[in-house]
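Please open the structure in your viewer and keep the selection tool at hand. The tour below goes from stop to stop, saying at each one what to select and what is there.

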Amino acid sequence: DESAIARAADLPIGQSRLGLDTVRDGLIYVPKSHVAGVPMPLVVVFHGAGGTGLSTAYVFPMADEFGFIVLAPDSRDERTWDLILGSYGTDADFLSAALRQTFARVAVDRQRLSVAGHSDGASYALSFGLGAGDVFGRILAFSPGVMTPVAATGKPRVFISHGISDPVMPIDDTSRKFVPRLT
């Protein structure tokens, strides 16, 4: 779509606010290697409990090195993601709006979409990603505590890492149960 490519030139390299909310918003990070109009992979990164999209800034150097765009929305509730609090709702709706806006603001390779997160963000990435596996081909979950997809669709590739001494989300109660279910 030529209009989307033209608008993509307006988004600068580096970090930009989403501008979808005045209190809890999120950001887009465009890597240094991005060329306006040339589609790049997109990784949606979900922050951990109590965080914001800015809490995922540790991913930006990797985006620069490996060439992918980062979409890092803020959860609607300042504590954590809606699914962790009970069910999908406002976070899923906000994510849909953030994705639509991202696709309009920067050229994204829609065949190379991934979700990722740490802790509660990993739980959200894992659960949401399995439910949207027909759209997101890769899931990266770092120390997830919950895996509760509404329904599994598609066959995304899943990477889970977890510290063996994690006192908050013990590996034996979480990832060591999730991996056999996924296999």
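What follows is a walk through a predicted model, beginning with its sheet and ending with a patch on its surface.

**The sheet**

Begin by selecting the strands of the open sheet, which has seven of them in the order β1-β2-β4-β3-β5-β6-β7, with mixed pairing. At its edges you will find β1, residues 14-17, and β7, each of which pairs on one side only. If you look from one strand to its neighbour, the two are turned against each other by 20 degrees on average, with direction ignored. In general, strands of a sheet pair through backbone hydrogen bonds, and they do so either parallel or antiparallel.

For an example of such pairing, select residues 26-30, which make up strand β2, together with residues 69-73, which make up strand β4; these two run antiparallel and are joined by four bridges. Which residue of β4 is the bridge partner of Y29? Selecting V70 shows you that partner.

**Two serines in loops**

Move next to S119, which is found in the loop between β5, residues 108-118, and α5. Its phi is near 60 degrees, a positive value in a residue other than glycine. Most residues other than glycine have a negative phi. S119 counts as buried because its relative accessibility is 17%, and the cut-off for buried is under 20%.

Then select S143, in the loop between β6, residues 138-142, and β7, residues 157-161. Here too phi is positive, at about 65 degrees, although S143 is not a glycine. With a relative accessible area of 12%, S143 is buried.

**A serine in a helix**

Now select residues 120-131, which form helix α5, and pick out S127 within that helix. Is S127 buried or exposed? Its relative accessibility is 0%, and therefore S127 counts as buried. To see what surrounds it, display L83, Y88, V146, M147, T148 and P149, which S127 touches when residues up to four places away in sequence are not counted.

**A patch on the surface**

For the last stop, select Y58, M62 and F66, which form a nonpolar patch on the surface and together have about 340 Å² of accessible area. F66 belongs to helix α2, which spans residues 60-66. This residue counts as exposed because its relative accessibility is 58%, where exposed means over 50%.

Conventions. Residues numbered from 1 in each chain as written. Predicted model: local features only at pLDDT ≥ 70, side-chain atom pairs only at ≥ 80, totals over all residues. Heavy atoms only, no water. Buried < 20%, exposed > 50% of the residue type's maximum accessible area, 1.4 Å probe, protein only. Contact = heavy atoms within 4.5 Å. Patch = residues over 30% accessible without salt bridge, like charges linked within 9 Å, V, L, I, M, F, W, Y side chains within 5 Å. Areas by Shrake-Rupley, 256 points an atom, 1.4 Å probe, with all protein chains shown as cover. Salt bridge = Lys/Arg side-chain N within 4 Å of Asp/Glu carboxyl O. Pairing = 2+ DSSP bridges. Axes fitted to C-alpha atoms, helices over the stretch in contact; angles between N-to-C directions.
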